[in-house]
Amino acid sequence: MRADYPWIDTLIVLAALQATAAVIGFATGHVFLSLWLATLVYLGWQLRYLVLLERWLLRGDIASPPDAPGIWGKVFASLRRSRTRHRSRRRQLAQLLARFTETANAVPDGVVVLGAGFALEWWNDKAASMLGLRSPQDQGSRIGNLIRSPEFGAFLRDRRTDPITLPAPANPRLSLEIRLVPYGEQHLLLVRDVTRLQRLETMRRDFVANVSHELRTPLTVVRGLSETLADEGSSLAPEDRDMLMLIQQQTERMSRLVDDL
């Protein structure tokens, strides 16, 4: 019963102290003084445990709380359990954050967490290398002040969800595809290196342009010759006219293919 209600011990101590003081007061003829002194002793006893509590909290030691009877023992035990749970949660959160950071750094794309006003809150290593971000100097800075591009500024201002392509601030030879993803009150900035894709696209366009250009010259020659022969169609045998018509049809077909390219 008393273990469940530790304050009972405190009341018993206080009652016993007051009773003893009253007896001594009646015996000496100074009842009020005796009760006052007993109250001071009791307050001093309580103050001692307050001081022990403060020192224990400042030390941050959860393994050895001060020994205390009654309700003070209950207080120390309760605080120890609370601090143990708190430290366990902090350790779990630290482990979770470490795993998240490790996972984010393993992503081949840059990831930037933007807070209010597009202020930098967190970024992975890939984003740091592609955007030239520095930690902790750039922490809390507006990303628009670090990436000075009119197109990027309009991209942020309009909060566009379609990606844009910009030269990398840290290396203008690289091309970055940047996408803004809203979530809650924050935004994710996803950055991808598309330099190789752009080079392949340029090679494809150049190849198609060169092929279509080189095909036009022989097609023009074949078309001109076939038209010249067609003008002299009266002197051609029927089978020659059929072959000439086939040449003209295939030349027109090839010309349409070149135009499509």
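Where in the protein is the place of Arg-85? In this predicted model, Arg-85 sits in helix α3, the stretch covering residues 70-106. Its side chain doesn't stand alone in terms of charge: Arg-85 joins Lys-74, Arg-81 and Arg-89 in a positive surface patch. As for exposure, Arg-85 comes out at 46% relative accessibility, and it therefore counts as partly exposed, since that class lies between the 20% cut-off for buried and the 50% cut-off for exposed.

Stepping back to the whole chain, the protein has 8 helices and 5 strands. Read from the N terminus, the order of elements is α-α-α-β-β-α-α-α-β-β-β-α-α. Of the 261 residues, 24% are buried. The accessible surface adds up to about 17,900 Å², and carbon and sulfur atoms hold 60% of that area. Turning to contacts, among those with a separation of 6 or more, 35% link residues 24 or more positions apart.

Helix α6 gives a look at the buried side of things. This helix spans residues 150-157, and its buried residues are Phe-152, Ala-154, Phe-155 and Leu-156. What do the buried residues of α6 pack against? Their partners are one helix, α5 (143-146), along with the strands β3 (164-167), β4 (175-183) and β5 (186-193). Past the end of α6 comes Arg-159, a residue with a positive phi, near 50 degrees.

Definitions and conventions. Residues numbered from 1 in each chain as written. Predicted model: local features only at pLDDT ≥ 70, side-chain atom pairs only at ≥ 80, totals over all residues. Heavy atoms only, no water. Patch = residues over 30% accessible without salt bridge, like charges linked within 9 Å, V, L, I, M, F, W, Y side chains within 5 Å. Areas by Shrake-Rupley, 256 points an atom, 1.4 Å probe, with all protein chains shown as cover. Salt bridge = Lys/Arg side-chain N within 4 Å of Asp/Glu carboxyl O. Lys, Arg positive; Asp, Glu negative; His and termini not counted. Charge placed at Lys NZ, Arg CZ, Asp CG, Glu CD. Helix = DSSP H or I, 4+ residues; strand = E, 2+ residues; numbered from the N terminus. Buried < 20%, exposed > 50% of the residue type's maximum accessible area, 1.4 Å probe, protein only. Contact = heavy atoms within 4.5 Å.
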